[in-house]
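Please open the structure in your viewer and keep the sequence panel beside it. The tour moves from stop to stop, each time saying what to select and what is there.

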Amino acid sequence: MYGTIKQDLKQELSEIREAGLFKEERFIHSPQGADISVEYPEGSSTENVINFCANNYLGLSSHPEVLEAAHEGLRTRGFGMSSVRFICGTQDIHRELEEQLSDFLKTDDTILYSSCFDANGGLFEVFMKAEDAILTDQLNHASIIDGIRLSKAKRYIYKHDDMDDLEQKLQDAADARYRMIMTDGAFSMDGTIARLDKICDLADKYDALVVMDDCHCTGFLGDDGRGSHEYRGVLGRVDLITSTLGKAMGGASGGFTSGRKEMIAMLRQRSRPYLFSNSVSPVIVAASLKVLDLITQSSDLRDKLHSNTRYFREEITRIGYEIKDGVHPIVPIMLYNAKLSQDMARDLYEKGIYVIGFFYPVVPKGQARIRVQLSAAHEREHLDKAINAFEDVGRKYDILGKSKEEIIEMYGE
Ligand SMILES: *Cc1c(COP(=O)(O)O)cnc(C)c1O
């Protein structure tokens, strides 16, 4: 049998390659951090580059105190649980982490998953049946799209960040038993932060639940770093928050859903990735408790991240690039042309600046960009090196100070 599918797969793989969409992996030979050593292409010698494409927002992936807590967790609680939660996979520290996360997020209760992908995969079908309606932002994460597909609820996709369209869809869904609005807290390609204040007002007006995926905000957005619900002033108004331990919160893996008491209780009874997949490793749980400790004891890392973000946004604009406005450490540098985004990312890499160029279908046609992600692990000299490299490369392609129209005229869309 394998002969037939093998031929088809080879054909499809070569089509992916020809379309320039083949994803090549780069091998990092060092711990994750600001300065990393990268092998690319495969088999070549390693290059030392500054990393501007990790979700290591607080620089905790290799933080000494986090590593020490992980070692301690390993020593005192072992490596793995060899079980799902409801058989014999729950330790005291799993429960402690859930309680600490609830305290931090200002919610009733929290349930851990192996990933946020699983948290989203196991959420919708538990609450939303055929007589219900889910209203979902057009740009929501793949795991949300998949999770919604697993439920039989009617799906209403509203235009990205468009509150009028959301209101229209809420009216269209007036007959449903329950309505649930689902949004990313921040959208990863633009750094846009969802207008949760408006969303919660609409939810009140049309009697809907609000669920938010805060993977790109948990730990650093808002005055105390609680996330986009704190940033938008809606603490306590979002019914469920899903998020990850795999980005700002230490960056290993693991996810969770946090929110209303009875909803979390029902997830423990019915959520399939929770019931039928392994418990989070004690090593990660112990390290995550330390992460929460670090970010609640001091605002230093958060402050450094935001000051790095402000500095980079100002400087990159000053040298003549156009970025998407905002405050998020995701900074989209707009280039519009797909090939230009790839050529520039390659040239920047050769200058020791590791960034990724994104183009269709990851972003809309004609919206190609380089995405820079700032971290508290970056020092001012890292940022200055990046700015200088962007200036050199921008000069080479003669796009500094050029408008969107001028860039498109030079390079096409
Ligand atoms: C990264 C991300 C996820 C997946 O998180 P994992 O814990 O890595 O599975 C889900 N949703 C959003 C919005 C993300 O950015």
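Is C215 buried or exposed? Select C215 and turn on the surface: with a relative accessible area of 9%, C215 is buried. Keep in mind throughout the tour that this is a predicted model.

**The cysteines**

Stay with C215 and add C116 to the selection, whose sulfur is the nearest cysteine sulfur to that of C215, at 3.4 Å. A disulfide needs the two sulfur atoms to be within 2.5 Å, and C215 is in no disulfide. Next select C217, which is buried as well, since its relative accessibility is 0%. For C217 the closest cysteine sulfur is that of C215, and because the two lie 9.1 Å apart, they are too far from each other for a bond. If you look through the rest of the structure for such bonds, you will find none, as a search of the whole structure gives zero disulfides.

**A threonine in a helix**

Now select residues 300-318, which form helix α14, and pick out T309 within this helix. T309 is buried, with a relative accessible area of 2%. If you display its side chain, you can follow it to the backbone oxygen of L305, which it reaches at 2.8 Å. Then show V327, H328, P329 and L374, which T309 touches when residues up to four places away in sequence are not counted.

**An isoleucine in a strand**

The next selection is strand β12, residues 353-354, where you will find I353. How buried or exposed is I353? Its relative accessibility is 1%, so I353 counts as buried. Around I353, setting aside its neighbours within four places in sequence, you can display its contacts I50, F52, L348, K385, A386 and A389. To see how far the chain extends from this stop, draw a line from the C-alpha of I353 to the C-alpha of R260, two residues that are 93 places apart in sequence and 43 Å apart in space.

**A glutamine in a helix**

Select helix α11, residues 261-270, and within this helix Q269. Here the surface view shows an exposed residue, because Q269 has a relative accessibility of 56%. A second line, from the C-alpha of Q269 to the C-alpha of V372, spans 41 Å, while the two residues are 103 places apart in sequence.

**The largest pocket**

Where is the centre of the largest pocket to be found? Select E24, R26, Q342, I356 and G357, which lie nearest the centre among the 38 residues that line this pocket. The space in the largest pocket is about 1,300 Å³. Colour β3 (46-51), α15 (338-350), β13 (356-358) and β14 (368-373), since each of them supplies at least two residues of the lining. Of the elements, α15 gives the most to this lining, with seven residues. If you colour the lining by class, 16 residues are nonpolar, eleven are polar and eleven are charged.

**The second largest pocket**

The last stop is the second largest pocket, which holds about 750 Å³ of space. It is lined by 31 residues, and to find its centre you can select L139, H141, A142, D184 and S188, which are the closest to it. Then colour α5 (116-121), α7 (142-149) and β14, the elements that give two or more residues to this lining. The largest contribution comes from α7, with three residues. Coloured by class, the lining of the second largest pocket divides into 13 nonpolar, eleven polar and seven charged residues.

Note on methods. Residues are numbered from 1 along each chain as its sequence is written. This is a predicted model: local features need pLDDT of at least 70, side-chain atom pairs count only at pLDDT 80 or more; totals for chains, interfaces and linings use all residues. Side-chain values use heavy atoms; hydrogens and water are left out. On a 1 Å grid over the protein atoms alone, a cavity is a set of points where a 1.4 Å probe fits but cannot get out, and a pocket is an open set with protein on both sides within 12 Å along at least five of seven lines; lining residues have an atom within 4 Å of a point. Grid points are joined across faces, edges and corners, and a volume is the space filled by probe spheres set on the points. Helices (H or I, at least four residues) and strands (E, at least two) are DSSP runs, numbered from the N terminus. Ala, Val, Leu, Ile, Met, Phe, Trp, Tyr, Cys and Pro count as nonpolar, Asp, Glu, Lys and Arg as charged, and the others, Gly among them, as polar. Buried means under 20% relative accessible area, exposed over 50%, partly exposed in between (1.4 Å probe, protein chains only). A polar contact is a pair of N or O atoms within 3.5 Å; within protein, one must be able to donate a hydrogen and the other to accept it, and residues adjacent in sequence count only if both atoms are side-chain atoms. Contact means heavy atoms within 4.5 Å.
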